[in-house]
Amino acid sequence: MSQHLPVLIVVVPLLLAPLAALVGNWKAAWIVAAAASWWAFGVSIALVRRVLAEGTISYEIGGWAAPYGIEYRIDLVSAFVAMIVATIGAVAIIYARTSVRAEVSEDRGALFYSAFILCFTGLLGISVTGDVFNIFVFLEVSSLSAYALIAMGQDRRALTAAYQYLIMGSVGATFIVIGIGLMYSMTGTLNIADLAERLPAVADNRTIPVAFTFLTVGITLKLALFPLHLWLPNAYTYAPSAVTAFIASTATKVAVYLLLRFFFTVFGAEFSFEQMQLDKVLMPLALVAIVTMSLVAIYQDNVKRLLAYSSVAQIGYMVLGISFASVLGVTAGILHLFNHALMKGALFMAMGCVMYRVGSVRLERMKGLGKKMPWTMAAFVGGGLSLIGVPFTVGFVSKWYLVQAALERGMWPVAAVVMFGSLLAVIYVWKVVEVAYFQEADPDDDIREAPLGLLIPTWALVIASFYFGIDATTTADIATRAAEVLLGVGP
Amino acid sequence: MIALGLFNYWAVILLMMVGFYTLIARGNLVKKLIGLNIFQTSVIMLYVSMGKVAGGTAPILVEGAEHVVYSNPIPHVLMLTAIVVGVATTALGLSLVVRINEAFGTVEDDELRDESL
Amino acid sequence: MTPGVLIATAMLLPVAGAFALLFWDKKPNVREAVTLITGAATFWHVYQLLPLVRSGLRPRLDLFEVLPGVQLAFEVEPLGMVFALVASFLWPITSLYAIGYMRGHHEENQTRFFFFFAVAIAGALGVAFSANLFTLFAFYEVLTLCTFPLVTHHQTEEAKKAGRIYLGILLTTSIGFQLLAIIWTWVLAGTVDFTDGGILAGTASAGVLSAILVLYVFGVGKAAVMPFHRWLPAAMVAPTPVSALLHAVAVVKAGVFTVLKVAVYVFGIDLLATLSATPWLAWVAATTIILGSLVAMTKDNLKARLAYSTISQLSYIVLGAMLANEWGIIGGGMHIAMHAFGKITLFFAAGAVMVAAHERNISQMHGLGRRMPITFGAFFIGALSIIGLPPAGGSWSKWFLGMGTLEAGQVGLLAVLMVSSLLGLYYLLEVPVKAFFFKPPADAHHAEGIHEAPMPMVIAMVVTATATLGLFLYPDLVFELMAMVIPGGAQ
């Protein structure tokens, strides 16, 4: 059984998804979804341990040998990303039980959980597969179910947000397919390892740079890199809270994984960054994203939207790290994948608690919440400190590596921009804190602390974001080794 | 002659641009979806053109017929998947449009923008 | 107890005490007893470390690796010993004072007040004992964040504004400049451990090192070198015990302490003396000294005047560091202790006037001296120490600082010290002179019924004033410790 784990992490949830829809009753569907998430969580941990101990795992689906059959290939990067997705999924599903009941009508509950598992499965599938077309299929599985999930938000604007996301997401995915097709036309293979071997021989042909360009645009659309981020703020703002928390911490992260996989493993760092000069595109965009999106976040009145813009800025940090194309830089990018998933998950979950009790996350409705919902707001402060990058939080660890990577290249202005971004984060986090702690609540409001079903998952992520900030050696070690795998250096 | 020989690809590019233009320029949500469909169809043509071998036939082994040229089946098969994905996307998109129409009373982009404020 | 355990207990005690007093929220007497006992026990533990340090040992405690190669570690060296002794000795005394003040002033949320106060002390001890730049920075930020609720204790609009300035400047400087400098140091030197003789020598060109030095000096916002001094007057909205212990001792001294540490153990005074930025920064400090004194003269609000006086005095210590010779370092280090005792006495007196006579402005204190002789007597002694006149401790540190300027050949800086003392003579002695020798205004609404502040406050004032005099007679301990900081000892 254990040699089949690479495929079971995907197959089991995939089979459970229709089951959740069929059982009809939301409670039963939740149990199915929880089983799927926690199964995947357990397997992902096992996979990370195995990859750390034994190295890259290769699994041939149905016994068909690569490159003809579909290969699942799990190296440290895949395993780490799968673990991030599975961890957040496992926490989010606990959270969903209480939150979704309040925000989604009961007759849609079962369908909600079914879509949730599909989305989850798709994201896991992308991270474990070793076949580029399979990536596209899983990408669509996760995206289509994500559109449906977002459309279930209470506000009717959730519908337009989902539609907007659908259009832009499909364009992005289609660009990726075009890129894959062009690569296939030159090499005749879809297997990642095989592609990596055959591409250098044909790299001079004009088709390959064209494929590269299509992939770049498609992936940056999916990961919401400035200026292709327009779908993200609305989608995050109007989706049900549990969905926002889950998608914000995983979907864009998996897109970053695609960026790493295509540009480092498939094309190779030398082709991507020296021949195609990808860094000349990514770095300015990332820097602009960090500064402008943080500034935009400062002016938001809806806290979920504020956090959404902050996410676009944080994606800028990840892409910035990757654009250095050095071990330190890629390490910073990968670390921030994990770290940002923890802190943004916690922050969006805290906002879900507010949504649950107050029914709105607009700033003017959050007056005095520091007293009325002390644990929720304390969780927000904890996540916010991480966003700022205070020592002993995961945000600090990311910044430590990112600034190092910039200084290693002698790019001190870039390091200064990173720091400037943190300072802008201080402003938008503190804006919320001031309203919650310094303004008197409306005495007529009968607002109580959020139920434990919401607080426990929220605090699990908050505590994790402190734990991995205090002892970052494990994550930093994994990220460094993953970066070495991607860059093809080291052991 | 080369230009004519690449006729399929010219068609692909034409369709792609038509679809993409419709998707961006049209304000009607249904028309946008039609644009998306044309756009995706062009990709199907791209793959199928790639897989077609001149004079080739479907890759089915027939007793006695040796030295037959086969077309590459893989792009064709991949496009089966892409078609499924396209249908699903369209279905989801259209159902969203129906819901949007119910909720806002319009499917025009500019009117929706006013409504959302 | 082994030295490591002593270090750990000294830092954990205030935290444990903080949580313990949460339990006695409803019983103020028990709560205050807990604070006092914890304070005394903390000092006792710190004091146990003194003989070890005097015998030349450096008690050390390595906790764990936070980032690969970067440890959370503590090491007690003589400079840190001075700071820790001062902070932990003054804490129980301030607590005693605070009991009288908070009750006399009818403050709300007293439990929260004592909680964060205790955590702030733990933060200050963490800074004092830190063995590397990372640990120092981490506790530096802990100190910033847990003093924020103390500054904004009243939760008014004014407090909110002050809190913004406080956090804004301290986080901007620390994240924007100091962290950048620390990571830069790490990239260049490959270590962030405090090492005798410094770690940066020979790692980069003089220009780069000068830039890093500038980043450090301005990055330590707590040292309040102009133009990053505005947070200190803003912090005066806090209750007076906070102003006294935190904004005259723990927080601001953590700042100048960091500057001294960086000067001695990161750059090393030999390297420091060769950098072109050093004399330039000395003059920035000199400017702050003069401007701070001049602004202090214009302030009628007593606490505001004391705040600007603190800004001016802190730059004495920065100046001492930037003289880059042994007398400057010794003078600067001694001034940490001397200024602490003097300034806390002044703040105690100011708070006593607020509680007993409800007066904040100097112009309304005419004649109060006859009704509150102990308070203004203590103020007089504290003022002498700040000015640098015998028989108060401050005269020693100013003496050594003066020697430092001469050794550095900077007669201009010596003149600055002299002028500043003369200005201090005016703006500090004005208060007791007016209180003792001026007639109360005719329309005095505070004529009758004013007497000394509550007993705990008076006791605290008498203790610190006596200690100020004692430090004039017995400065040997501080001098001895500071002389151990200098490589090879002082002549």
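1. Contact, as used in this note, means that heavy atoms lie within 4.5 Å. Keep that in mind as you look at the structure above, which is a predicted model. A good place to start is helix α9 of chain A, residues 231-238. Seven of its eight residues are buried, so this helix is largely enclosed by the rest of the structure. If you want to find them, the buried residues of α9(A) are W231(A), L232(A), P233(A), A235(A), Y236(A), T237(A) and Y238(A). What do they pack against? Their partners in chain A are α5, α6, α8 (207-222), α10 (241-266), α13 (303-323) and α14 (327-358).

2. Now turn to the place where chain A meets chain B. Chain A brings 28 residues to this contact and chain B brings 34. Together the two chains bury about 2,700 Å², and 79% of that area is on carbon and sulfur atoms. On the side of chain A, R156(A), L159(A) and Y163(A) lose the most area to chain B, together 24% of what that side buries.

3. How many salt bridges cross between chain A and chain B? The rule finds zero. There are, however, five residue pairs in polar contact between these chains, with both residues at pLDDT 80 or more. Helices α5 (132-151) and α6 (157-187) of chain A each supply at least two residues of the side that touches chain B. Of the elements on that side, α6(A) gives the most, with 17 residues.

4. Chain A also meets chain C, and you can read this interface in the same way. Here the contact takes 31 residues from chain A and 32 from chain C. About 2,900 Å² is buried between the two chains, 81% of it on carbon and sulfur atoms. In chain A, the residues that lose the most area to chain C are F392(A), W400(A) and F438(A), which together account for 25% of what that side buries.

5. Between chain A and chain C the count is one salt bridge. Which residues form a salt bridge here? E434(A) pairs with R164(C), and their closest N and O atoms are 2.7 Å apart. Five residue pairs, both at pLDDT 80 or more, are in polar contact across this interface. On the side of chain A that touches chain C, at least two residues each come from α16 (374-388), α17 (394-408), α18 (412-438), α19 (452-470) and α20 (473-487). The most comes from α18(A), with ten residues.

6. Salt bridges deserve a look of their own. Over all chains, the count comes to 17 by this rule. In chain C, one of them joins R305(C) and E430(C), with 2.6 Å from N to O. R305(C) sits in helix α12 (residues 302-323) and E430(C) in helix α16 (residues 411-437) of chain C, so the pair ties together parts that are 125 residues apart in sequence. Are these two residues buried or exposed? Both R305(C) and E430(C) are buried.

7. Another salt bridge in chain C is formed by D196(C) and R58(C), whose closest N and O atoms are 3.5 Å apart. This pair links distant parts of the chain, 138 residues apart: D196(C) is in the loop between α6 (157-189) and α7 (206-219), and R58(C) is in the loop between α2 (28-54) and β1 (60-67). D196(C) has a relative accessibility of 47%, so it counts as partly exposed. R58(C), at 27%, counts as partly exposed too. Chain C also holds a network of salt bridges that links R60(C), D62(C) and E75(C).

8. For a salt bridge in chain A, find R157(A) and D155(A), whose side chains meet at 3.0 Å, N to O. R157(A) is partly exposed, with a relative accessible area of 27%. For D155(A) the relative accessible area is 27%, and this residue is partly exposed as well.

9. Finally, have a look at the surface of chain B. Which residues make a nonpolar surface patch there? L6(B), W10(B), I13(B) and M17(B) do, and the patch is about 420 Å². M17(B) belongs to helix α2 (residues 7-25) of chain B. Why does M17(B) count as partly exposed? Its relative accessibility is 47%, and partly exposed covers the range between under 20%, which is buried, and over 50%, which is exposed.

How values were computed:
Residues numbered from 1 in each chain as written. Chains lettered and ligands numbered in written order. Predicted model: local features only at pLDDT ≥ 70, side-chain atom pairs only at ≥ 80, totals over all residues. Heavy atoms only, no water. Patch = residues over 30% accessible without salt bridge, like charges linked within 9 Å, V, L, I, M, F, W, Y side chains within 5 Å. Areas by Shrake-Rupley, 256 points an atom, 1.4 Å probe, with all protein chains shown as cover. Salt bridge = Lys/Arg side-chain N within 4 Å of Asp/Glu carboxyl O. Helix = DSSP H or I, 4+ residues; strand = E, 2+ residues; numbered from the N terminus. Buried < 20%, exposed > 50% of the residue type's maximum accessible area, 1.4 Å probe, protein only. Buried area = accessible area lost by both parts, 1.4 Å probe. Polar contact = N/O pair within 3.5 Å; in protein donor to acceptor, adjacent residues only side chain to side chain.
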